[in-house]
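This report looks at the pockets of one protein and at the ligand that it holds. Please keep the sequence and the structure in view while reading.

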Amino acid sequence: MRNKLAAGNWKMNGTSASLAEIDTLITSHPTPKCGVLICPPATLVGAMAARTKGSAIATGGQDCHADTSGAHTGDISADMLVDAGASHVIVGHSERRQDHHESDADINAKAKTATAAGLIAVICCGESDDQRVAGKTLDIIGAQLAGSIPETATAENTVVAYEPIWAIGTGKVPTLEQIGEVHDFIRGALIKRFGTEIGDNISVLYGGSVKPSNADDIFAVNNVDGALVGGASLKAVDFTGIITALENS
Ligand code: PEP
């Protein structure tokens, strides 16, 4: 049985006042039947981990550096995230691939460092609108998976998130057939590379404009083990609807 995970990515949103949303989440889902993860901005990781201690909600970072320490002004290491109480870290989000020119090799190195530090790496992949229109989606995803996932990946230390770039924050959602096609492809690629024991047990999340209103349908798609959620994770009232849909899937 693969682990189901509802993961929230707050991106560059939230101050200490936003932590009140977490109290609502804990109250509404004291014992969720799926994993629940919130990745706040780095400034809130420690406070969120402290606030969620003893609850079922896990805390994650949104990125980490590939080096364990050193002269990298403004960056954050995997060990620092662990020290602050994080259990997960997102690597290779398309916004980092675009804004910070991160390559598959960079993401591979980050994931390797993160998992060596004891974090679960949530490794993102996804095609652009142009790439989909050009019929290159599966080629792009295949190359990103091959380049970004380190050899050291296991079902315990790695989660994959498929996030079509054109669906992130746009309200545009692929058809269920399109989601299913890519998730089946990812599952096949993971099994081919890592064998059934690992490849069939790595959770694969869908991300891109997931909301309470479309979550039931998305979670019913084969090989969708949860969601990576941006906008709808900021408000507990929305995110609880997504958690409930995943619990019932
Ligand atoms: C994301 O940023 O990973 C994301 C999926 O955003 P949204 O849910 O807002 O589309």
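The largest pocket holds about 500 Å³ of space, and, as everywhere in this report, that value is computed from a predicted model. Around this largest pocket there are 20 lining residues, and those that lie nearest its centre are Lys11, Met12, Gln62, Asp63 and Arg96. Two elements, α2 (42–52) and α4 (94–99), are the ones that give two or more residues to this lining. The largest share comes from α4, which provides three residues. When the lining of the largest pocket is divided by class, eight residues are nonpolar, six are polar and six are charged.

Which pocket, then, does the ligand take up? The space taken by the ligand is the second largest pocket, in which about 230 Å³ of space lies. This second largest pocket is also lined by 20 residues, and Gly169, Ser209, Val229, Gly230 and Gly231 are the ones nearest its centre. Its lining divides into six nonpolar, 10 polar and four charged residues.

Turning from the pocket to the ligand itself, one finds 14 residues surrounding the ligand, of which Lys11, Glu163, Gly169, Ser209 and Gly230 are the closest. Lys11 is thus among the closest residues to the ligand, and Lys11 is also listed among the residues nearest the centre of the largest pocket. By class, the shell around the ligand consists of four nonpolar, eight polar and two charged residues.

Oxygen atoms of the ligand also come within a short list of distances of polar backbone atoms, as the table sets out.

| Residue | Atom of the residue | Atom of the ligand | Distance |
|---|---|---|---|
| Gly169 | polar backbone atom | oxygen | 2.7 Å |
| Ser209 | polar backbone atom | oxygen | 2.8 Å |
| Gly231 | backbone N or O atom | oxygen | 2.9 Å |

Of the 300 Å² of accessible area that the ligand has on its own, the protein covers 95%. Gly169 and Ser209, which appear in the table, are also among the residues nearest the centre of the second largest pocket, as is Gly231.

Conventions:
Residues numbered from 1 in each chain as written. Predicted model: local features only at pLDDT ≥ 70, side-chain atom pairs only at ≥ 80, totals over all residues. Heavy atoms only, no water. Near = heavy atom within 4 Å. Polar contact = N/O pair within 3.5 Å; in protein donor to acceptor, adjacent residues only side chain to side chain. Areas by Shrake-Rupley, 256 points an atom, 1.4 Å probe, with all protein chains shown as cover. 1 Å grid on protein atoms, 1.4 Å probe; cavity = no way out; pocket = protein on both sides within 12 Å on 5 of 7 lines; lining within 4 Å. Sits in = over half its atoms within 2 Å of the grid points. Nonpolar A, V, L, I, M, F, W, Y, C, P; charged D, E, K, R; others polar. Points joined across faces, edges and corners; volume = space filled by probe spheres on them. Helix = DSSP H or I, 4+ residues; strand = E, 2+ residues; numbered from the N terminus.
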